[in-house]
Amino acid sequence: MADFPEFRPAIKTRVTFAPSPFAEGSMRLAHYAFFHDRYYVIKCFNDDTQDFIQNALQTTYAQAVLKDIRCQMFAITLANIFNGRLSQVDKQEWQIKYAVPSLVAFGREMEYAEPYMAGDYVRYNDNNGNVQNGDTTEGKIAASFCHFTYEETNGRAMVVDIQGVGLHFTDAQVHTRCIARTDELFKRFGMGNMGKYGMTKFFRTHKCNSLCQVLGLTPRDVAGL
Ligand SMILES: Nc1ncnc2c1ncn2[C@@H]1O[C@H](COP(=O)(O)OP(=O)(O)O)[C@@H](O)[C@H]1O
Ligand SMILES: [Mg+2]
Ligand SMILES: [Zn+2]
């Protein structure tokens, strides 16, 4: 992929949402909301993360929301290319899909929203090289997608932290090779970015599966990253 364009999120709506979260991750609380005739999930940073945003990153809540949106949009872009490649090798039934993020206005803040996904929510890997459900078909596709993102960006970035319902994913994290504060890619993406170290963590546990092979992905030795 030649370039990484800056992404602009689409929707701005004033909404209300359920005051109590129905689920939480390590950084965000997930609330139900209903607008535009469907259920959404609104994800608000928890107190520890807000503290981190303010004091460690020294940025604003809104900027941190934009980082999460950019991660997700980046994953969507790469998922589209991945799906194209799957079609070429006659595996279109394995196409993946990322939830499309939007920005919604709530109180004085802008919050992250995405469509609610019904069904069993499953984790396939994290941003630290840990693998779950790796032996399932979905788990293999998820791992192969991560590897693919590394190849497609010539090792400049990779999408990890794959989770969701079946092959409908969300909560993308991006590792960028360079984590200098002045690096354009580093500045763009989220708080789970562990840089080249994170890429190393992925490839330390990743064993190329049959899909990696069919897609012609190069097996990566950690030393050669
Ligand atoms: N689109 C969604 N549909 C249904 N449940 C979701 C959705 N997104 C997140 N969740 C639930 O909310 C939890 C927290 O969201 P997540 O995006 O993983 O937050 P974090 O950034 O803290 O990891 C998830 O573990 C999952 O249980
Ligand atoms: Mg999560
Ligand atoms: Zn592989």
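Val-104 has Glu-111 as its bridge partner in strand β7. That pair belongs to a predicted model of a protein chain with six helices and 12 strands. The radius of gyration of the protein chain is 17 Å, and a compact globule of 225 residues would have a value near 17 Å, so the two agree. The points below start from the strands around β7, then turn to the ligand, the other strands, two helices and the chain as a whole.

**Strands around β7**
- Strand β6, residues 102-106, pairs with β7 in the antiparallel sense, and five bridges connect them.
- β6 and β7 form a hairpin with two residues between the strands. In this hairpin Gly-107 has a positive phi, near 55 degrees.
- Strand β7 covers residues 109-115 and also runs antiparallel to β4, to which four bridges join it.
- Across from Val-41 stands Glu-114 of β7.

**Surroundings of ligand 1**
- The shell around ligand 1 holds 16 residues, and the closest are Ala-23, Gly-25, Met-27, Ala-30 and Asp-171.
- Three elements give two or more residues to this shell: β2 (23-24), β3 (28-35) and β4 (38-45).
- Sorted by class, the shell around ligand 1 consists of eight nonpolar, five charged and three polar residues.
- β4 therefore has two roles in this briefing, as it contributes to the shell around ligand 1 and pairs with β7.**Open sheet of four strands**
- Four strands make up an open sheet with mixed pairing, in the order β5-β11-β10-β8.
- Its edge strands are β5 (97-98) and β8 (122-123), each of which pairs on one side only.
- Within the sheet order β10 stands beside β11. Strand β10 (residues 163-165) and strand β11 (residues 168-170) run antiparallel and are joined by three bridges.
- Val-165 has His-168 of β11 opposite it.
- In general, the strands of a sheet pair through backbone hydrogen bonds, in either a parallel or an antiparallel way.

**Strands β9 and β12**
- Strand β9 (residues 157-160) runs antiparallel to β12, and four bridges join them.
- Val-159 stands opposite Val-174, a residue of β12.
- Strand β12 spans residues 173-176. Gln-173 and His-175 point one way from β12, Val-174 and Thr-176 point the other way, and all are buried.

**Helix α2**
- Helix α2 runs over residues 61-88, which makes 28 residues. At 1.5 Å a residue, α2 should span 40 Å, and its end C-alpha atoms lie 41 Å apart, so the expected and computed spans agree.
- After α2 comes Asp-90, which has a positive phi near 65 degrees.

**Phe-145 in helix α3**
- Phe-145 is part of helix α3, residues 137-152.
- Phe-145 counts as buried because it has 28 C-beta neighbours inside 10 Å, and the cut-off for buried is 20 or more.
- Apart from neighbours within four places in sequence, Phe-145 is in contact with Phe-82, Ile-96 and Ile-162.
- Leu-211 is 66 residues from Phe-145 in sequence, and their C-alpha atoms are 9.2 Å apart in space.

**The chain as a whole**
- Along the principal axes, the C-alpha atoms of the protein chain fill a box of roughly 50 × 40 × 30 Å.
- Of the 225 residues in the protein chain, 36% are buried.
- Among contacts between residues at least 6 apart in sequence, 53% join residues at least 24 apart.

Conventions. Residues are numbered from 1 along each chain as its sequence is written. Chains are lettered from A and ligands numbered from 1 in the order in which they are written. This is a predicted model: local features need pLDDT of at least 70, side-chain atom pairs count only at pLDDT 80 or more; totals for chains, interfaces and linings use all residues. The expected span of a helix is 1.5 Å times one less than its number of residues. A residue is near a molecule or strand if its C-beta atom, placed from the backbone, lies within 6 Å of it. Ala, Val, Leu, Ile, Met, Phe, Trp, Tyr, Cys and Pro count as nonpolar, Asp, Glu, Lys and Arg as charged, and the others, Gly among them, as polar. Two strands pair if DSSP finds at least two bridges between them. A residue is buried if 20 or more other C-beta atoms lie within 10 Å of its own, exposed if 12 or fewer, and partly exposed in between; C-beta atoms are placed from the backbone. Two residues are in contact if their C-beta atoms, placed from the backbone, lie within 7 Å. The radius of gyration is taken over C-alpha atoms; the globule rule is 2.2 Å times the number of residues to the power 0.38.
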